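Got the viewer open? Set the cartoon and side chains to taste, and follow the stops below in order.

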Amino acid sequence: MIWITTDTHFHHQNLIDGGCRPKGYEEKIYKYLKEYIKPDDILIHLGDFCWTNDDLEHQLFTSTIICKKKWFILGNHDGKGISWYLSRGWDFCGHKIELDIYGRKILFSHIPQPPSRNWDLNIHGHFHDYSEERIKEFEPEIYRYLDHRHYLISLEKINYQPVKLETIVKNLPF
């Protein structure tokens, strides 16, 4: 089973103070990951892992969440080099990854990517539960190319739970 999570933003107090996330959201994330992820599974994290305590948080995460493989896609708040993340327990780290799976060519990224003939679906994070108006106002260059082939994972909208890749693909309208 392949699971996806994103934008965990561990230790990001401003998200709580600003009313974007409830107090205790980090515990919810860990609770659901430990509940759903099994030793034979793969977990893909789509970036923006934590805000502070990078070393401690990455080591805690990769030692607590037990699965076959943990892949990390760098987000706009993940500023260390690829080798740094690999040395903290991730099995893969990069800016994006493409998989040919479930009859689809899927691109995994943090920020949505411009449409391409190379992929059928771009699964991404970055926008949390922002309204379409907010995306259009603050990131117009990205908003211009968003289409039905872009699939946003927003932890705020799914109660901080990971999502099965298979479920995403099976529920697509195309």
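Start by selecting threonine 8, in the loop between E1 and helix H1 (13-17); helices (H or I, at least four residues) and strands (E, at least two) are DSSP runs, numbered from the N terminus. Before zooming in, note that this is a predicted model, where local features need pLDDT of at least 70 and side-chain atom pairs count only at pLDDT 80 or more, while totals for chains, interfaces and linings use all residues. Residues are numbered from 1 along each chain as its sequence is written, and side-chain values use heavy atoms, with hydrogens and water left out.

**Stop 1: around threonine 8**

Is threonine 8 buried or exposed? Its relative accessible area is 0%, so threonine 8 counts as buried (buried means under 20% relative accessible area, exposed over 50%, partly exposed in between, with a 1.4 Å probe and protein chains only). Now show its side chain and look for the backbone oxygen of phenylalanine 49, which that side chain reaches at 2.7 Å. Leaving aside neighbours within four places in sequence, threonine 8 is in contact (heavy atoms within 4.5 Å) with Arg21, Tyr25, Ile29, His45, Gly47, Asp48, Phe49 and Leu155.

**Stop 2: histidine 45**

Pick histidine 45 from that list; you'll find it in strand E2. The side chain of histidine 45 makes a polar contact with the side chain of threonine 8 at 2.9 Å. A polar contact here is a pair of N or O atoms within 3.5 Å; within protein, one must be able to donate a hydrogen and the other to accept it, and residues adjacent in sequence count only if both atoms are side-chain atoms. Histidine 45 is buried too, with a relative accessible area of 0%. Not counting residues up to four places away in sequence, histidine 45 touches Thr5, Thr6, Asp7, Thr8, Trp71, Phe72, Ile73 and Trp90.

**Stop 3: the sheet**

Switch back to cartoon. What is the strand order of the open sheet of 5 strands? Reading across, you get E4-E3-E2-E1-E9, with mixed pairing; two strands pair if DSSP finds at least two bridges between them. Strand E4 (92-94) and strand E9 (163-164) stand at the edges with a single partner strand each, so one side of each has no neighbour in the sheet. Further in, strand E1 (residues 2-5) and strand E2 (residues 42-45) run parallel, joined by 4 bridges. To see one pairing up close, select isoleucine 4, whose bridge partner in E2 is isoleucine 44.

**Stop 4: positive phi in the loops**

Most residues other than glycine have a negative phi. With that in mind, click histidine 9, where phi is positive, near 45°. Histidine 9 lies in the loop between E1 and H1 and is buried, at a relative accessible area of 3%. Next comes aspartate 48, with a positive phi of about 55° although it is not a glycine. Aspartate 48 belongs to the loop between E2 and H3, and its relative accessible area of 2% makes it buried.

From there, hop to glycine 75, in the loop between strand E3 (69-73) and helix H4 (82-86). Leaving aside neighbours within four places in sequence, glycine 75 is in contact with Gly47, Asp48 and His110. Glycine 75 is buried as well, with a relative accessible area of 12%. Try a distance label between the C-alpha atoms of glycine 75 and glycine 94: they are 19 residues apart along the chain and separated by 9.6 Å.

**Stop 5: E5, E6 and E7**

Colour strand E5 (residues 96-101) and E6, which pair in the antiparallel sense over 6 bridges. Aspartate 100 stands opposite lysine 105 in E6. The hairpin of E5 and E6 has 2 residues between the strands, and tyrosine 102 takes a positive phi near 55° there. Strand E6 (residues 104-109) is mostly covered, with 5 of its 6 residues buried. E6 also runs parallel to strand E7 (residues 121-124), joined by 3 bridges; look for leucine 107 opposite asparagine 122 in E7.

**Stop 6: two helices**

Finish with helix H2 (residues 25-36) and helix H3 (residues 54-64), whose axes come within 11 Å and cross at roughly 25°. Axes are lines fitted to C-alpha atoms, for helices over the stretch in contact, and angles run from 0 to 180 degrees between N-to-C directions. That makes H2 roughly parallel to H3 (angles under 35 degrees count as roughly parallel, over 145 as roughly antiparallel, 65 to 115 as roughly perpendicular and the rest as oblique). To light up the contact, select Tyr30, Leu33 and Lys34 of H2 with Glu57, Leu60, Phe61 and Thr64 of H3.
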